[in-house]
Amino acid sequence: MTDEEIDYSDIPPITDEIWSKGVLRKGFKPIPQTNQVTLAIDRDIIDFFKEHGQNHKKKINQLLRAYMEEHQAK
């Protein structure tokens, strides 16, 4: 399918009013690149995070980042 064949008729046009409602985030920090590593973590810790919802790896990373930032400030 080419671009010309795509039917956009059900998409409302983007107006200046829509752009005026946009939010500019000041002080936005880009997300740092991640590296995949092998890390030995006790089974009960992994099980704990898995039991408390999806994205357990992301949550563990967030906690490690918070710890790092707290200790860098001192």
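Asn 55 sits in the loop that runs between H2 and H3, and this is a predicted model, so please read everything below in that light. His 52 is found in that loop too, with helix H2 spanning 43-51 and helix H3 spanning 56-73. The notes here start from the loop, step back into H2 for a pair of rings, and end at the largest pocket.

**The loop between H2 and H3**

- Asn 55 has a phi near 60°, which is a positive value in a residue other than glycine.
- For background, most residues other than glycine have a negative phi.
- Is Asn 55 buried or exposed? Its relative accessible area is 54%, and because exposed means over 50%, Asn 55 counts as exposed.
- His 52 has a relative accessible area of 57%, so this residue is exposed as well.

**What His 52 reaches**

- Which backbone oxygen does the side chain of His 52 reach? The partner is the backbone oxygen of Phe 48, at 2.7 Å.
- Looking along the chain, His 52 and Leu 64 are 12 residues apart, and their C-alpha atoms are separated by 17 Å.

**The aromatic pair**

- If you search the whole structure for aromatic pairs, you will find one.
- That pair is made by Phe 48 and Phe 49, in an edge-to-face arrangement with 5.3 Å from centre to centre and 90° between the planes.
- The angle explains the label: planes over 60 degrees apart count as edge-to-face, so the 90° of Phe 48 and Phe 49 qualifies.
- Phe 48, whose backbone oxygen is the one reached by His 52, is partly exposed at 44% relative accessibility.
- Phe 49 is buried, with a relative accessible area of 15%; the cut-off for buried is under 20%, which is why Phe 49 falls in that class.

**The largest pocket**

- The largest pocket holds about 980 Å³ of space.
- How many residues line the largest pocket? There are 23 of them, and those nearest its centre are Thr 34, Lys 57, Lys 58, Asn 61 and Gln 62.
- H2 and H3 each give at least two residues to the lining.
- H3 provides the largest share of the lining, with nine residues.
- Sorted by class, the lining is made up of nine nonpolar, seven polar and seven charged residues.

Note on methods: Residues are numbered from 1 along each chain as its sequence is written. This is a predicted model: local features need pLDDT of at least 70, side-chain atom pairs count only at pLDDT 80 or more; totals for chains, interfaces and linings use all residues. Side-chain values use heavy atoms; hydrogens and water are left out. Helices (H or I, at least four residues) and strands (E, at least two) are DSSP runs, numbered from the N terminus. Buried means under 20% relative accessible area, exposed over 50%, partly exposed in between (1.4 Å probe, protein chains only). A polar contact is a pair of N or O atoms within 3.5 Å; within protein, one must be able to donate a hydrogen and the other to accept it, and residues adjacent in sequence count only if both atoms are side-chain atoms. On a 1 Å grid over the protein atoms alone, a cavity is a set of points where a 1.4 Å probe fits but cannot get out, and a pocket is an open set with protein on both sides within 12 Å along at least five of seven lines; lining residues have an atom within 4 Å of a point. Grid points are joined across faces, edges and corners, and a volume is the space filled by probe spheres set on the points. Ala, Val, Leu, Ile, Met, Phe, Trp, Tyr, Cys and Pro count as nonpolar, Asp, Glu, Lys and Arg as charged, and the others, Gly among them, as polar. Rings of Phe, Tyr and Trp (its six-membered ring) pair if their centres lie within 6.5 Å; planes under 30 degrees apart count as stacked, over 60 as edge-to-face and the rest as tilted.
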